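Hi,

Here is the structure I promised to pass on to you. Have a look at it first, then read my notes below.

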Amino acid sequence: MTAMSTASPLAPALHDYVRTIETVLDRRPANRVIIREVSVATKELCASDRWLDERHRVGHPDYYTRHLLHRDPHNRFVVLALVWQPGQMTPIHDHSCWGVMGLVENSLEEICYDRLDDGKRPDFAELEQSRGTDVGRGGVAYLLPPYEEIHRIGNTSGKPTVSLHVYGRDLDEVNVFDQITGKVSPMRIKYYSPECGKAPFVI
Ligand SMILES: [Fe+2]
């Protein structure tokens with residue numbers, strides 16, 4: 001894969017959105033400033049969905065799909081569109097980076113978790129659910145390490161959902177948590193995009 005993430009030009013609104021994020025990151029602000037400013041831009045972008053190509057709205061009956069829309073040439077962030085069929089959801093996972101999610105079409109449920117242990121055991125975590133929120137069309141949610149970055153999200157509605165995600169790194173591996181046993185497992189994740197081959201994201 002080349003430094004550029006997509007084979008064809010981005011729609012103008014998405015292009016402007018990427019430029020806005022670059023401008024924010026050029027200032028090297030704190031993560032809480034990044035998520036605040038990227039959240040504003042995300043809310044503006046998600047007020048319409050005309051900027052999202054049909055090819056990036058393609059879902060799959062067996063797994064939710066991650067379409068890579070843009071990868072920053074300096075590896076500071078990636079922009080993804082995720083497509084969720086009814087009932088599809090992630091396991092509980094972390095990110096190790098800032099992140100912002102916006103809803104392009106329909107809604108997602110997000111359940112957030114606090115980590116109660118000291119984090120010294122790499123394969124164990126004690127989690128407690130902190131809140132659950134339905135994020136509707138045009139709404140945004142954020143991830144802010146180290147305390148606000150463990151969650152699970154899923155489509156609990158009866159309709160397909162499309163969401164926009166920005167992460168402060170190339171999110172190719174996350175930790176997955178089993179809340180019952182406390183086990184923590186690193187997991188490789190993939191994109192499902194025409195430009196990346198049809199490798200599904202299957203966790
Ligand atoms: Fe996530």
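What follows is a short tour of what turned up, with each term explained as it comes along.

Before anything else, this is a predicted model: local features need pLDDT of at least 70, side-chain atom pairs count only at pLDDT 80 or more, and totals for chains, interfaces and linings use all residues. Residues are numbered from 1 along each chain as its sequence is written.

So how confident is the predictor? pLDDT is its confidence in each residue, from 0 to 100. The protein has a mean pLDDT of 89, and 90% of its residues reach 70 or more. Over residues 1–7, though, the pLDDT is below 50, and this stretch has ten contacts beyond near neighbours in sequence. Residues 199–203 also stay under 50, and there the model has 21 contacts beyond four places in sequence. A contact here is two residues whose C-beta atoms, placed from the backbone, lie within 7 Å. Where pLDDT is low, the predicted coordinates should not be read in detail.

Now the helices. Helices (H or I, at least four residues) and strands (E, at least two) are DSSP runs, numbered from the N terminus. Helix α1 covers residues 12–26 and helix α2 residues 31–45; their axes come within 10 Å and cross at roughly 170°. Axes are lines fitted to C-alpha atoms, for helices over the stretch in contact, and angles run from 0 to 180 degrees between N-to-C directions. The two helices are therefore roughly antiparallel to each other (angles under 35 degrees count as roughly parallel, over 145 as roughly antiparallel, 65 to 115 as roughly perpendicular and the rest as oblique).

Which residues meet there? From α1 come A13, Y17, T20, I21, V24 and L25, and from α2 come I34, E37, V38, A41 and L45. They divide into nine nonpolar, one polar and one charged. For that split, Ala, Val, Leu, Ile, Met, Phe, Trp, Tyr, Cys and Pro count as nonpolar, Asp, Glu, Lys and Arg as charged, and the others, Gly among them, as polar.

Next, the sheet. It is open, with five strands in the order β1-β2-β9-β4-β7 and antiparallel pairing. Two strands pair if DSSP finds at least two bridges between them. At the edges sit β1 (65–71) and β7 (140–143), each pairing on one side only. Neighbouring strands are turned by 20° against each other on average, direction ignored. Between β2 (residues 78–84) and β9 (residues 161–167) there are seven bridges, and W84 has T161 in β9 as its bridge partner. Helix α2 packs on this sheet, touching β4 (99–105), β7 and β9, and its direction makes about 10° with that of β4.

Last, some backbone details. Most residues other than glycine have a negative phi, and most peptide bonds are trans. P145 and P146 are joined by a cis peptide bond, with omega about 5°; P146 is in the loop between β7 and β8 (151–154). N75, in the loop between β1 and β2, has a positive phi near 60°. N75 counts as exposed, with 11 C-beta neighbours inside 10 Å (20 or more means buried, 12 or fewer exposed, and in between partly exposed, with C-beta atoms placed from the backbone). S96 has a phi near 55°, also positive, and lies in the loop between β3 (92–93) and β4. With 16 such neighbours, S96 is partly exposed.

Happy browsing!

How values were computed: pLDDT = per-residue confidence, 0-100.
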